[in-house]
Amino acid sequence: MELNYDVLVIGAGHAGCEAACAAARIGAKTCLLTMDMNKIAQMSCNPAVGGIAKGQIVREIDALGGQMGLITDRSAIQFRMLNRGKGPAMWSPRAQCDREKFIWNWRETLDQTPNLDIWQDQVCTLLVENQEVRGAETIWGVTLHARCVIITAGTFLNGLLHIGRKKVAGGRIAEPAVEHLTESITRWGIRSYRMKTGTPVRIDRRSVDFSLMEEQPGEQDFHRFSYMGEPRQLKQLPCWTCYTNPEVHETLRSGLDDSPLYNGQIQSIGPRYCPSIETKLVTFPDKEQHPLFLEPEGENTNEMYLNGFSSSMPIDVQLNALKKIPAFSNVKAYRPGYAIEYDFFDPTQLNHSLESKIIGGLFFAGQVNGTTGYEEAAGQGLVAGINAALKCDGKAPFVMGRDESYIGVLIDDLVTKGVDEPYRMFTSRAEYRILLRQDDADARLTEQSYKLGLASQERLDHWLSKKTAVEDLINFCEETLVHTKDVNEGLQKLGTTPLQFGCKISELVARPQLSIASLAKIIPALEAKLSQLNDRKEEIIEATEVKMKYKGYIEREKLVAEKMHRLENIKIKGRFDYSKLHEISTEGRQKLERIDPETLAQASRIPGVSPSDINVLLVLLGR
């Protein structure tokens, strides 16, 4: 049997679903291949989307016309905006989801996407001719011809599960590993390595004493992930917190000899920022407690996820340790935590479009690039899907800069710096984070996406109406004068210094103690102006206020970004034989030769390439 497509996506996790949806919506005839149609977009670890910097990525996916934000809002059973105590550049949305409803919302979305077929099978061989991809063959003898192939296989490539001294091949618990595909890819000169990740025990809520835990409720305000989304429909549920204790730690330490992380059974590197509980004990031996978060898996299930207790210890050790926590003294589990080792490919072998530098038309996205997290995977998948469709149409690739999106930062970090541990996005990785806020992803990306053919006319109009409303409100505040006699009494009640002279409303908005909403209570003209806003009133006010309060910071960061763009515009790929440039350091020469950066700015971000090396390249370019 032979099938013909423009784009073939291998793997239907978060990267694969976004990739397939994007490619098909742009117009490419697309096939999404998965081993199990009932596990599409499975949340392999915690049933949550977003978090620090990850939430910004999801909002960027949504602004570009991707699906993760919409589906998260439909599946959310708790929503919170993290980091409210910090500036708006750090605010990060996070939602707890109903795991099963998330899958079926994705399935419904894919089923309704034109140009998209789903095929349930397993790929074993990549087809390549003259260093160009031609498709893939499956274990059932089906040949899928494609002009572009996107690999989004997650943790399934030669996956190996560990619980204590037991090892079982698998891509997830109770699911088979994918064998031979890695070897089919590496035979063409693409480098692969091994990584490790893990997941915690799943607990029966009926065995938990919630009176001994602290409740963590969600928020009910206007915030959500999608700019187009509707208010949350599902029942909103709390999460719960508690702590480990010295007895728990002692029980866990007694089993370290059987821990695959410490008996030599696992050799690969695990995630630094989501360590197992046994890693926490070894790394922080003096800490007497570690926080745990008990999170619901869904609206109508007793299954709960114990965040903070990822482990690959023997089953009895995990459960005996948990029973030392008062709330879990009678705990029952559905399944233990486990670790998994899997293959990934060196991302420095990719262009910024996520297309391979070695095999034309072959794209990689998600954990196969050395990342960790649903959001990082989905962002890469969206970019890979866009660029595969553009390549089929003979168009230039779509690449976002570090000042345009967290997704741009993520991809630039991967292809420029590579990874030596599972990569997780943080706000600190972005040097222009005041420009990359969760509230302005639509301003940064929607119009670009519409030009690509991904964002719909409805989405563009939705953004343009908000843009007009924000600009109108800013102009009103900058032009409207208030007098001392009208506002001073109100300003004192709001805890801020009275005016000595009249001023514009914008000057009051800039004060830290004041907000547009609080000022509207003492300035009738502003209250009247706000009453004219549509049903997105709160969203418009927030976007306006952030732009006004942080105007100076935003403008300063834009200037810095513009200076860096000068280096981004200096193309150096193919202009140097780095092995012969003895004017630069040996390390710099080796790194430049291996990565072969596109621009001088990219070269400047490569670890080991010094500022003096960049200056040498500038001199050699006659700049």
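The following exchange concerns the cavities and the first strand of a predicted model.

Colleague: What makes the enclosed spaces in this structure cavities rather than pockets?

Modeller: A cavity is a set of points where a 1.4 Å probe fits but cannot get out, whereas a pocket is an open set. The structure holds 5 cavities of 30 Å³ or more, and the largest cavity contains about 50 Å³ of space.

Colleague: Which residues line the largest cavity, and how do they divide into nonpolar, polar and charged?

Modeller: The lining consists of Arg402, Asp403, Tyr432, Ala561, Met564, His565 and Glu568. It divides into 3 nonpolar, 1 polar and 3 charged residues. Tyr, Ala and Met count as nonpolar, Arg, Asp and Glu count as charged, and His therefore falls among the polar residues.

Colleague: Why is strand β1 called mostly covered?

Modeller: A residue is buried if its relative accessible area is under 20%. In β1, which spans residues 2-10, 7 of the 9 residues are buried, and the strand is described as mostly covered.

Colleague: How do you know that β1 pairs with β9 and with β2?

Modeller: Pairing requires at least two bridges between the strands. β1 is joined to β9 (residues 143-151) by 8 bridges, in parallel; one of the partnerships is Asn4 with His145. With β2 (residues 30-34), β1 has 4 bridges, also in the parallel sense, including that of Val7 with Thr30.

Colleague: What makes the β-α-β crossover from β1 to β2 right-handed?

Modeller: The chain leaves β1, passes through helix α1 (residues 14-26) and reaches β2. With the strands pointing away from the viewer, a path over the helix that runs clockwise is right-handed, and this crossover is right-handed.

Technical notes
Residues are numbered from 1 along each chain as its sequence is written. This is a predicted model: local features need pLDDT of at least 70, side-chain atom pairs count only at pLDDT 80 or more; totals for chains, interfaces and linings use all residues. Side-chain values use heavy atoms; hydrogens and water are left out. On a 1 Å grid over the protein atoms alone, a cavity is a set of points where a 1.4 Å probe fits but cannot get out, and a pocket is an open set with protein on both sides within 12 Å along at least five of seven lines; lining residues have an atom within 4 Å of a point. Grid points are joined across faces, edges and corners, and a volume is the space filled by probe spheres set on the points. Buried means under 20% relative accessible area, exposed over 50%, partly exposed in between (1.4 Å probe, protein chains only). Helices (H or I, at least four residues) and strands (E, at least two) are DSSP runs, numbered from the N terminus.
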